[in-house]
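Trainee: Could you take me through the salt bridges in this model, one pair at a time? I would like to see where the partners sit and how exposed they are.

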Amino acid sequence: MRRFTYETFAARVVFGAGCAQGSLAAEVERLGARRPLIVTTPRTAPLATTLAGPLSVAGTFDGVRPHVPVETVHQAIELAKRTGADAVLSVGGGSTTGTAKAIALRTSLPIVAVPTTYAGSEVTPVWGMTEGARKTTGRSPLVVPRTVLYDPDLTTTLPAAMTAASAMNAMAHCVEAFYAPGANPVTDLVAAEGVRMIADALPAVMSRPADAAGRAGLLYGAYLAGSAFGAAGSGLHHKICHVLGGAFGLPHAETHTVLLPYVAAFNEPVVPALRTRVAPALGADDTARGLTRLAARIGAPASLAQIGLAEDDLDTAVRLVLEKDFGDNPRPVGEPEVRGILTAALRGESV
């Protein structure tokens, strides 16, 4: 067995239908918090208000925006300070969790997270903020929520397109965990199970949105995905996605969905686990084709052009991506490789 270092991050996980309504107040009080600031979006604000009913909240910040712009973070921090908030209650998807993390990074306030999508970021130490056209990411134990309440009931009204993209985003966390810098036998095990859970549950949920078992399976898969990614770290796939999201405003989860099979196809020849662990979990002979078939089955976008990247943006995208350090990727990455991946993904070419 290869030598490895496996670092975990403290997060209390409460999982089960109805747990958000039944356990949230006790979990906030368990942290010694009395006046949490709710962080959410206009779409999920009514849910957040209902869940926080038994609490004396400091206020509500519902100005969350995709890719966590720094100006949004400043507004939220100002509200937290003005209202005397002693914790952050995040209710929503990845952008909401990301905003809560950015607040915690600057203020050290503890986070209680109630995810309503399959982002998985609620169990990672990774934060990200966008300033201008540049997205900056980092890792800090300060941003890991102290408690995460996974309630499958909260995902049943998630629109089909958002369900598909969010679950594929979680799948990207699993796949990347096999070749990220911190990949090890433990993250391999967690990620492989995450792939299996998502691949099994996602088609069922897309055909039967109210399928309770499917929703629970997807949410559990998302938890596994975030756990694997949080320990293994960020690799080629996420670095490209962060550039495209920050520079061109592409939707986060959809960008991951489109790029995933292309980066997997690029790395699969030098990462045997993608063929031996991921592909079988997808019911395929190779990972890239398995991912492509799954995306097609659920009606997910198949090209960057579909989600807003223009052909004229290609040269700029290549240049910006090449500013990243890809020295930790298992296969050398240079201008021809980046251009090849982006060109194929832009046009939705077969892998």
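Mentor: Happy to; we will go through the salt bridges pair by pair and then turn to the nonpolar cores. Please keep in mind that this is a predicted model.

The structure has 14 salt bridges, and a few of them deserve a close look. Let's begin with Glu27 and Arg12, which form a salt bridge whose closest N and O atoms are 2.9 Å apart. Glu27 belongs to helix H1 (residues 19–30) and Arg12 to strand S1 (residues 12–15), so this pair ties together parts that are 15 residues apart in sequence. The two partners also fall into separate exposure classes: Glu27 is buried, at 6% relative accessible area, whereas Arg12 is partly exposed, at 35%. The cut-offs help here: Glu27 counts as buried because its 6% is under the 20% limit.

Now look at Glu193 and Arg196, whose side chains meet in a salt bridge with an N to O distance of 2.6 Å. This pair stays inside one element, since both residues lie in helix H6 (residues 185–207), three residues apart, which is about one turn of the helix. Glu193 is partly exposed, with a relative accessible area of 28%, and Arg196 is partly exposed as well, at 34%.

The next pair is Arg347 and Glu311, again a salt bridge, with the closest N and O atoms 2.6 Å apart. Arg347 sits in helix H13 (residues 335–347), while Glu311 is in the loop between helix H11 (287–297) and helix H12 (314–321), so the pair ties together parts that are 36 residues apart in sequence. Arg347 is partly exposed at 48% relative accessible area, and Glu311 is partly exposed at 43%. Salt bridges can also share partners, and in this way Arg134, Arg319 and Glu323 are joined into one network.

As a general point, side chains of opposite charge can pair when their charged atoms come close.

For the nonpolar side of the picture, turn to the largest core, which has 94 residues. The members that touch the most others are Met171, Val175, Ile240, Leu259, Leu304 and Leu342. Take Leu259 as an example: neighbours within four places in sequence aside, Leu259 is in contact with His237, Ile240, Cys241, Leu244, Leu304, Ile341, Leu342 and Ala345. There is also a second, separate core of 19 residues, with Val14, Leu24, Val91 and Leu154 among them.

Conventions
Residues numbered from 1 in each chain as written. Predicted model: local features only at pLDDT ≥ 70, side-chain atom pairs only at ≥ 80, totals over all residues. Heavy atoms only, no water. Core = buried A, V, L, I, M, F, W, Y, C linked by side-chain atoms within 4.5 Å. Buried < 20%, exposed > 50% of the residue type's maximum accessible area, 1.4 Å probe, protein only. Contact = heavy atoms within 4.5 Å. Salt bridge = Lys/Arg side-chain N within 4 Å of Asp/Glu carboxyl O. Helix = DSSP H or I, 4+ residues; strand = E, 2+ residues; numbered from the N terminus.
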